[in-house]
Amino acid sequence: MTEAAADEQARQTVEAAVRTQLSKALGGLRGTAESAVPTVAFTLTWLIVHDLKTAVVLSVGSAVLLLVVRLAQRSTTQFVLNSLFGIGIAAFFALRSGKAEDAFLPGILYNAGYSVAMIFSIIVRWPVVGFIIGSVTGDPTAWRNDPAVVRLCSRLTWLLVLPCVLRVVVQYPLYLAGEVAWLGTAKIALGWPLQLASFAAMVWVLARGRTPLAEPSAAPADGGEPGARPAPGE
């Protein structure tokens, strides 16, 4: 299927739209694997030589190497740059304090903040996943006119929140205990494998529904209210 055909299919239902956008956001198998490489390099190097600077250099170096490969292939560098940015912040924290466990602190803080923000979005009924639909229709807020879409987006946002909460619950006690090896193992195990599991759960939820995705009309056709949406197909 061509990209244009896939985008056209994504406009048919809410479920298809979210599946398409989430797939792009994850960067496929290569993108998720690339995000794990710097952490693997840092953890293994630390376990072998117990030298913070060497671990940081090899970790950052692995991300730079992945970036060079992407540039040579003239493929998208978005996910490698994200990984390089993340490991750069981790290196700053670790080198500043001299403690290897501090390399994992930014990730813990990020997941904690991300969890709070997404849970808040669900509580106020502006679930984050809803804006994925908005990016497809061209109207960032029209999806809120349909209660069925809001409920679907809330369920999907919960599935995004749970991995973040689990990472904090598992990694923070390890951070306090200074368990660098276990921190690295937990970060890898709770990174892209958990993200893929979350994505699989979202796909399962999406596969069960066929909620029509319609762009709001500019003017009422039959005297109804502008922007009215068809009844959901669930």
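**Entry 1. The largest pocket**

I began with a term: a pocket is an open set of grid points where a 1.4 Å probe fits, with protein on both sides within 12 Å along at least five of seven lines. I noted that the model before me is predicted. I then looked up the largest pocket and found that about 1500 Å³ of space lies in it. Which of its 42 lining residues are the closest to the centre? I recorded Ser35, Asn82, Tyr110, Arg167 and Gln195.

I next asked which elements give two or more residues to this lining. They are helix H2 (14–26), H3, H5, H6, helix H8 (147–177), H9 and helix H10 (192–207). The largest share, eight residues, comes from H5. By residue type, I entered 28 nonpolar, twelve polar and two charged residues for the lining.

**Entry 2. The chain as a whole**

I turned to the secondary structure and counted ten helices and zero strands. Read along the sequence, the pattern is therefore α-α-α-α-α-α-α-α-α-α. The chain has 234 residues, and 40% of them count as buried. The accessible surface comes to about 12500 Å², and carbon and sulfur atoms hold 66% of that area. I also looked up the contacts with a separation of 6 or more: residues 24 or more positions apart account for 66% of them.

**Entry 3. The nonpolar cores**

In soluble globular proteins, nonpolar side chains tend to be buried together. I therefore looked up the nonpolar cores, which are sets of buried residues joined through side-chain atoms within 4.5 Å. The largest core has 18 residues, and those that touch the most other members are Phe42, Trp46, Leu52, Ala100, Ala103 and Phe104. Helix H3 (28–49), helix H4 (52–73), helix H5 (78–97), helix H6 (105–123) and helix H9 (180–189) each give two or more residues to this core. Apart from it, I found another core, of 16 residues, including Ile132, Cys153, Val205 and Leu206.

I then followed Ala100. Leaving aside neighbours within four places in sequence, Ala100 is in contact with Phe42, Trp46, Leu52 and Val180.

**Entry 4. Two buried residues**

My next residue was Val56, whose place is in helix H4. Why does Val56 count as buried? Its relative accessible area is 8%, and buried means under 20%. Beyond its neighbours within four places in sequence, Val56 is in contact with Phe42, Ala91 and Leu95. I also noted that Val56 and Ala103, 47 residues apart in sequence, are 8.9 Å apart in space, C-alpha to C-alpha.

I then examined Cys164, in helix H8. Cys164 has a relative accessible area of 3% and is therefore buried. Not counting residues up to four places away in sequence, Cys164 touches Asn111, Tyr114, Ser115 and Met118. From Cys164 to Tyr110 the C-alpha distance is 8.7 Å, with their positions 54 residues apart in sequence.

**Entry 5. Two loop residues with positive phi**

Finally, I looked up two arginines. Arg74 is in the loop between H4 and H5. Phi of Arg74 is near 55°, a positive value in a residue other than glycine. Is Arg74 buried or exposed? Arg74 is exposed, because its relative accessible area is 80% and the cut-off is over 50%.

Arg125 lies in the loop between H6 and helix H7 (130–137). Its phi is near 65°, again a positive value in a residue other than glycine. At 41% relative accessibility, I entered Arg125 as partly exposed.

Methods
Residues are numbered from 1 along each chain as its sequence is written. This is a predicted model: local features need pLDDT of at least 70, side-chain atom pairs count only at pLDDT 80 or more; totals for chains, interfaces and linings use all residues. Side-chain values use heavy atoms; hydrogens and water are left out. Buried means under 20% relative accessible area, exposed over 50%, partly exposed in between (1.4 Å probe, protein chains only). Helices (H or I, at least four residues) and strands (E, at least two) are DSSP runs, numbered from the N terminus. Contact means heavy atoms within 4.5 Å. On a 1 Å grid over the protein atoms alone, a cavity is a set of points where a 1.4 Å probe fits but cannot get out, and a pocket is an open set with protein on both sides within 12 Å along at least five of seven lines; lining residues have an atom within 4 Å of a point. Grid points are joined across faces, edges and corners, and a volume is the space filled by probe spheres set on the points. Ala, Val, Leu, Ile, Met, Phe, Trp, Tyr, Cys and Pro count as nonpolar, Asp, Glu, Lys and Arg as charged, and the others, Gly among them, as polar. Accessible areas come from the Shrake-Rupley method with a 1.4 Å probe; for residues, only the protein chains shown count as cover.
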